[in-house]
Structures are given as C-alpha cells and as structure tokens.
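Let's take a walk through a protein structure together. Have the model open beside you, and turn it around as you read.

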Amino acid sequence: MNDTSARLPETAKLPEQCETMIDVRAGVDATDRELVALLERRFGYMRAAARIKPTRDAVRDEDRKASVIAAAVAEAEDRGLPGDLIGELWEQLVEGSIAYEFVHWDQIRD
C-alpha cells in the first residue's frame, strides 16, 4: 500500500512526479511537517494515558511496547519499507513516549 498523495499540500509533488532536487526537498519538508503534526497527536495520547493510568508503575508496559513495535515493523514491511530501520525508529519513539508520559504523569500529580 502506498498512499503518499493523501495529505501532501498542493505545492509538494508526489515522489514519482519530482523532476528536480527542489521538488524533492519541498516534498520532504512538507512530509516532515506532517510527521511532526502526527507526533503532536501521538504525544497527546501519551498525555491522555498519563491522566488515565492510576499508578506510575502502569506507565511502562513492556508487552504493549513490543506489540506497538511489531505492528510498525509489519506495516512497514507490507509497504515495502525496511522493517529493521522502522523497528529501530519505533524503539526510540516508544521509549521517548514512555519518558514523556512519566514526566506528564508526575506533573499532573504534583
């Protein structure tokens, strides 16, 4: 599955339409802005989790972590992307999310 056209702004071309490095860089920059917006939403879910979880010990869930990373790797591989790289990225993303959730859990309970 490859739906790169779903959210690209009109000024950014699809990868297969790029003819110059200016086109490529505009697409990369637009995609990076989208990724940050998605991360903003994801971290919002971490704040919600911190609010909902009753104990600090509940913040880290190794089974859930493994499941999230495995799902990302499988999705990447289904899309023809390198699963090992996506696994490494998701490891960092999930660990960063857990750290963020711990901070938020502590902040809202002080």
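What follows is a tour of how the helices meet and which side chains pair up.

One thing to keep in mind from the start: this is a predicted model. Let's begin with two helices, α1, which covers residues 21-52, and α3, which covers residues 83-108. Their axes come within 8 Å of each other and cross at roughly 45 degrees. Angles from 35 up to 65 degrees fall into the oblique class, so α1 and α3 are oblique to each other. The crossing of these two helices is right-handed.

Who does the touching here? On the α1 side, the contact residues include Leu39, Arg42, Phe43, Met46 and Arg47. On the α3 side, they include Leu93, Val94, Tyr100, Glu101 and His104. Keep an eye on a few of these names, as they come back below.

Start with Phe43 and Tyr100. The structure holds one aromatic pair, and these two residues form it. Their ring centres are 4.8 Å apart and their planes stand at 80 degrees. Planes over 60 degrees apart count as edge-to-face, so that is the label this pair gets. Since Phe43 lies in α1 and Tyr100 in α3, the pair ties together parts that are 57 residues apart in sequence. Is Tyr100 buried, exposed or partly exposed? Its relative accessibility is 30%, so Tyr100 counts as partly exposed.

His104 is another α3 residue worth a look. With a relative accessible area of 17%, His104 is buried, because the cut-off for buried is under 20%. If you set aside its neighbours within four places in sequence, His104 is in contact with Arg47 and Ala50. Both Arg47 and Ala50 are listed on the α1 side of the helix contact.

Now for the charged side chains. How many salt bridges does a search of the whole structure find? The count is eight. One of them joins Lys53 and Glu101, with N and O 3.0 Å apart. This pair links distant parts of the chain: Lys53 sits in the loop between α1 and α2, Glu101 sits in α3, and their positions lie 48 residues apart in sequence. The two partners don't share the same surroundings, either: Lys53 is partly exposed at 21% relative accessible area, whereas Glu101 is buried at 3%.

Another salt bridge brings together Arg56 and Asp106, this time at 2.8 Å from N to O. Arg56 is in the loop between α1 and α2 and Asp106 is in helix α3, so the pair ties together parts 50 residues apart in sequence. Arg56 is partly exposed, at 38% relative accessibility, and Asp106 is partly exposed too, at 27%. You can also find Asp106 from another direction: its C-alpha atom is 9.9 Å from that of Arg51, a residue 55 places away along the chain.

Some salt bridges join up. Arg60, Glu62, Lys65, Glu91 and Glu95 are linked in a network of them. Within this group, Glu62 bridges to Arg60, with their closest N and O atoms 2.7 Å apart. Glu62 is partly exposed at 43% relative accessibility, and Arg60 is partly exposed at 33%.

That network leads us to the packing of α2 against α3. These helices pack at an angle of about 145 degrees, with their axes 9 Å apart, and their crossing is right-handed. From α2, the residues making the contact include Lys65, Val68, Ile69 and Ala72. From α3, they include Ile86, Trp90, Glu91, Val94 and Glu95. Notice that Lys65, Glu91 and Glu95 are also members of the salt-bridge network.

Let's finish with Val94, which lies in helix α3. Is Val94 buried or exposed? Its relative accessible area is 6%, so Val94 is buried. Which residues does Val94 touch, not counting those up to four places away in sequence? They are Arg42, Lys65, Val68 and Ile69. Arg42 is on the α1 side of the α1 and α3 contact, while Lys65, Val68 and Ile69 are on the α2 side of the α2 and α3 contact. For one last distance, find Ser67: it is 27 residues from Val94 in sequence, and their C-alpha atoms are 11 Å apart in space.

Methods: Residues are numbered from 1 along each chain as its sequence is written. This is a predicted model: local features need pLDDT of at least 70, side-chain atom pairs count only at pLDDT 80 or more; totals for chains, interfaces and linings use all residues. Side-chain values use heavy atoms; hydrogens and water are left out. Rings of Phe, Tyr and Trp (its six-membered ring) pair if their centres lie within 6.5 Å; planes under 30 degrees apart count as stacked, over 60 as edge-to-face and the rest as tilted. Helices (H or I, at least four residues) and strands (E, at least two) are DSSP runs, numbered from the N terminus. Buried means under 20% relative accessible area, exposed over 50%, partly exposed in between (1.4 Å probe, protein chains only). A salt bridge is a side-chain nitrogen of Lys or Arg within 4 Å of a carboxyl oxygen of Asp or Glu. Axes are lines fitted to C-alpha atoms, for helices over the stretch in contact, and angles run from 0 to 180 degrees between N-to-C directions. Angles under 35 degrees count as roughly parallel, over 145 as roughly antiparallel, 65 to 115 as roughly perpendicular and the rest as oblique. A crossing is left-handed if the near helix is turned anticlockwise from the far one by less than a right angle, and right-handed if clockwise. Contact means heavy atoms within 4.5 Å.
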